[in-house]
Amino acid sequence: MTAEHGGGGGTNTEPELSDSLKTFGAVLKALREASGLTQEEFALRVRYSAAYVAKIEQGKRFPPADLPTRTEEVLGPTAVKVLSAAARSLTRRAGLASWFRQWAGIEEEAISLYAYECRAVPGLLQPEGYIRAIFDRQIPPLSEEQFERQVAARQERQRLLDERPNTAFSFLIEQAVLERRLGGLEVTREVINNLLEQGTRRNVEILVMPLRQEDHSGVDGQMYLAERDNHQWVGYVEGHDSSTLLTHPKLVSSMLQRYGKMRSQALSHMATVDLLGKMQGAL
């Protein structure tokens, strides 16, 4: 399994994440002290133990998801916005493998993002049931804490579709991925509903590559492409807990050519919607 589709994320012992925890703790401590509260007073008002607050401020514990909400009446709305932003960034990094984070950063700033998938539904389009089905099948198995952290990180990544309305998203998905019915009928129904919904966005294109297509240019496997704000393109491929970021113009050009060819080989937008509707009705 991979960071994009199946997890493989880091743990709190990774240096980068450890530094991020310390940074979050320092931010919380500064906001608390600016409000004139001791650790004990703050802990009492947000209904945590003083020892727990101390460990968060020291960067030794991962902050709970409801921490920003609990602090609103204590620290004020501005402080909550700062904490919420820091918590979102931390959550994203906590559930991502170290080798995936470079691409995740590019993904967050891309003005065009293309994806071709022949293994699983692209991570940005996975509904919660599908995410849980994938992480539930992670090998080696995840602990409950790792499981929930990576589910949260995947959902945080999906905020890109809301936060980047001017980014052009294009997704090519093999029909076989949907026919597999990973997670069962209900999960598959949820997947198809989500594809139909996300495909209505003005900046999102979702095309299905039909099960039978004799003229198919995707035999080299899945690939991702991103156009950065300087209009330079980069490519990305991954598998089995490893990844490769491709920046050489010749290699990236070949990927763009293949992607363009596959776009013409896939079903049209209307034909994709029609197929998804028929698959939905057959479940």
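**Exercise 1. Work out how exposed the two partners of the R159–E163 salt bridge are.**

Start with R159: its relative accessible area is 31%, so R159 is partly exposed. That label follows because partly exposed sits between the cut-offs of under 20% for buried and over 50% for exposed. Now do E163: with 40% relative accessibility, E163 counts as partly exposed as well. Finally, look at how the two meet: their side chains form a salt bridge, at 3.1 Å from N to O. Keep in mind that this is a predicted model.

**Exercise 2. Find which parts of the chain the D220–R258 salt bridge ties together, and say how exposed each partner is.**

Check the distance before anything else. The closest N and O atoms of D220 and R258 are 3.9 Å apart, and the cut-off is within 4 Å, so the pair makes the list.

Next, place the partners. D220 lies in the loop between β3 (204–209) and β4 (223–227), while R258 belongs to helix α13 (residues 249–265). The pair therefore ties together parts that are 38 residues apart in sequence.

Last, the exposure. D220 comes out at 62% relative accessibility, so D220 counts as exposed. R258, with a relative accessible area of 27%, is partly exposed.

**Exercise 3. Decide whether E238 is buried or exposed, then do R119 and locate both.**

Take E238 first: its relative accessibility is 10%, so E238 counts as buried. R119 has 30%, so R119 counts as partly exposed.

Then look at the contact itself. The E238 and R119 side chains meet in a salt bridge, with 3.6 Å from N to O. This pair links distant parts of the chain: E238 is in strand β5 (residues 233–238), and R119 is in the loop between β1 (112–117) and α8 (128–136). In sequence, the two are 119 residues apart.

**Exercise 4. Put these pairs into the picture of the whole protein.**

Begin with the salt bridges: the count comes to 15. Some residues join up in a network, and R32, E33 and E57 are linked that way.

Now zoom out to the fold. The protein has 14 helices and six strands. Of its 283 residues, 48% are buried.

How much of the contact total comes from residues 24 or more positions apart? Counting contacts with a separation of 6 or more, the share is 77%.

To finish, turn to the surface: the protein exposes about 13900 Å², and carbon and sulfur atoms supply 50% of that.

Key: Residues numbered from 1 in each chain as written. Predicted model: local features only at pLDDT ≥ 70, side-chain atom pairs only at ≥ 80, totals over all residues. Heavy atoms only, no water. Helix = DSSP H or I, 4+ residues; strand = E, 2+ residues; numbered from the N terminus. Buried < 20%, exposed > 50% of the residue type's maximum accessible area, 1.4 Å probe, protein only. Contact = heavy atoms within 4.5 Å. Areas by Shrake-Rupley, 256 points an atom, 1.4 Å probe, with all protein chains shown as cover.
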